[in-house]
Amino acid sequence: MNNKEDYWRPMSRALIAILAAFSLVACGNGSQQPTGKKAQHDGAPQAPKTPPVLTAQVSLSPLFESGQGWGVGYAKAKAQGEGRGVVVGPGTDNSNVFAQQFSVRPDEPFKIIARASSVGKPKAMGRFQINWLDADSKFISTSIQPFEVAQEEKTFEAYVTAPPGATTGTLYVVPAGKEDVVRYTEMKVLGESARAKPGTVPETKAIVPVSPPVSQGAPLAKAVAASNSFPKPPNLTPLDGSGRSLTVAESQYYFYHAAKAMQRRAKERGMDFIMYVMPDYNISRLMPAINQLRAEGIKVLAYEPQGNWKSGVDESWYWQKADSHWTEAAVRLTADEILGMWKTQAVANRPFSAELQAAYSNGFPQKTPQ
């Protein structure tokens, strides 16, 4: 990857939307918006469709009452659950992560339901994950929807659709982050009709195709989180240059629907679309909208806050100290992320890490870090 032309030659076929997070968040400076004109309504997104009624149980042992249908890892997770479901983590590579398979038809809708709580900490991140395979058991894509869990158990749900060519779905019981430990007392898939006994899964490592080279080019399949379509907030503040700061709901509404509109226009022109949300301390309020866009198959390069990195990155490494420009190292990292997402059609970049920081500090790495 030392040939710089290799990075930018493909970009003539790709549309990259670079947006600073603060342009649509609480610090929302209305002066950046057009003045004297009302918002145009042509191309405005239509009201979301009502989710299909799905009541037939597809998966087996949804309450973890037995290991039927579940693969390797179930026994360990069950033992750690101590009678209250199963406990998985910390991390997605833990040996207590497990899964089961079920047959699907292309474009078939499903509903996933989970009951979960955090273990050891006040909060943690769980997630829905179904990997889709074709008739030759080759990986196609994955549907992922993260959700935050607390010590008090709650129920979560999401709707997903099998992608074209899919014949098998692999449902995972897995936490979302490296440090997360989650207790699940239910994980089930509902569909339009019941089906034959699912197969067990010998290899249950929760493959997440969102970063090169691990992703092997797989985008997220269509997935719509329950009750999270970002409807128009009441008394919505128009973007008229008034200077009034936007509420969280307004920020998410404008961001989500603007991204959807840009993606549609890019698609109409036969162009690819990658939205880049520059690191900013307000990024946390946009993450629900970003996760929803990714779940719907829209590519978004953005860094989720983690630990002391409130912007999702080490700001002293990412930004120039003298002005608001990126450092050379940050430009190299961004170039690799954009190229990787375009080449693999992944919908998300790699999370920022100390390893990535070190790899890009003095040049492009010889081998792309995972």
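Leaving aside its neighbours within four places in sequence, which residues is Met187 in contact with? Keep that in mind while you look through these close-ups of a predicted model.

**View 1. Met187 and the company it keeps.**
Set aside the neighbours within four places in sequence, and Met187 is in contact with Ser59, Pro62, Phe64, Trp70, Ile112, Ile113, Ala114, Arg127, Phe128, Leu171, Tyr172 and Val173. Met187 also belongs to the largest nonpolar core, which has 31 residues. Within that core, the members that touch the most others are Phe64, Phe98, Phe110, Val173, Tyr184 and Met187. Another core, of 21 residues, lies apart from this one, and its members include Tyr276, Met278, Leu333 and Trp342.

**View 2. Strand E5 with a partner strand on show twice.**
Now follow strand E5, residues 109–118. How many of its 10 residues are buried? The count is 9, so E5 is largely enclosed by the rest of the structure. E5 pairs with strand E8 (residues 154–161) in the antiparallel sense, over 8 bridges. Find Ile113 and look across to E8: its bridge partner there is Glu157. E5 also pairs with strand E10 (residues 182–191), again antiparallel and over 8 bridges. Here Met187 turns up once more, as the bridge partner of Ala114. While you trace the strands, remember that in a regular strand the side chains alternate between the two faces of the sheet.

**View 3. An open sheet of four strands.**
This sheet has 4 strands in the order E4-E9-E6-E7, with antiparallel pairing. Which strands sit at the edges? They are E4 (98–103) and E7 (139–150), and each pairs on one side only. On average, and ignoring direction, neighbouring strands of this sheet are turned by 20 degrees against each other. Zoom in on E4 and strand E9 (residues 168–175), and you'll find 6 bridges joining the antiparallel pair. One spot to look for is Gln101, which stands opposite Thr170 in E9.

**View 4. Glu148 and Lys123, a link between two strands.**
Side chains of opposite charge can pair when their charged atoms come close. Here the side chains of Glu148 and Lys123 meet in a salt bridge, at 3.7 Å from N to O. The pair links distant parts of the chain, with Glu148 in strand E7 and Lys123 in strand E6 (residues 123–133), 25 residues apart. Glu148 is partly exposed, with a relative accessible area of 46%, while Lys123 counts as exposed at 52%.

**View 5. Glu108 and Arg105, one buried and one partly exposed.**
Another salt bridge brings together the side chains of Glu108 and Arg105, 3.5 Å apart from N to O. Is Glu108 buried or exposed? Its relative accessible area is 2%, so Glu108 is buried. Arg105, at 42% relative accessibility, counts as partly exposed.

**View 6. Arg332 and Glu328 on a helix.**
For a change of scenery, go to helix H6 (residues 328–344), where Arg332 and Glu328 lie 4 residues apart, about one turn of the helix. Their side chains meet in a salt bridge of 3.9 Å, N to O. Glu328 is exposed, with a relative accessible area of 59%, whereas Arg332 counts as buried at 15% relative accessibility. Elsewhere, Arg115, Glu153, Glu186 and Lys188 are joined into one network by salt bridges that share partners. A search of the whole structure turns up 10 salt bridges.

Key: Residues are numbered from 1 along each chain as its sequence is written. This is a predicted model: local features need pLDDT of at least 70, side-chain atom pairs count only at pLDDT 80 or more; totals for chains, interfaces and linings use all residues. Side-chain values use heavy atoms; hydrogens and water are left out. Buried means under 20% relative accessible area, exposed over 50%, partly exposed in between (1.4 Å probe, protein chains only). Two strands pair if DSSP finds at least two bridges between them. Axes are lines fitted to C-alpha atoms, for helices over the stretch in contact, and angles run from 0 to 180 degrees between N-to-C directions. A salt bridge is a side-chain nitrogen of Lys or Arg within 4 Å of a carboxyl oxygen of Asp or Glu. A nonpolar core is a set of buried Ala, Val, Leu, Ile, Met, Phe, Trp, Tyr and Cys residues joined through side-chain atoms within 4.5 Å. Contact means heavy atoms within 4.5 Å.
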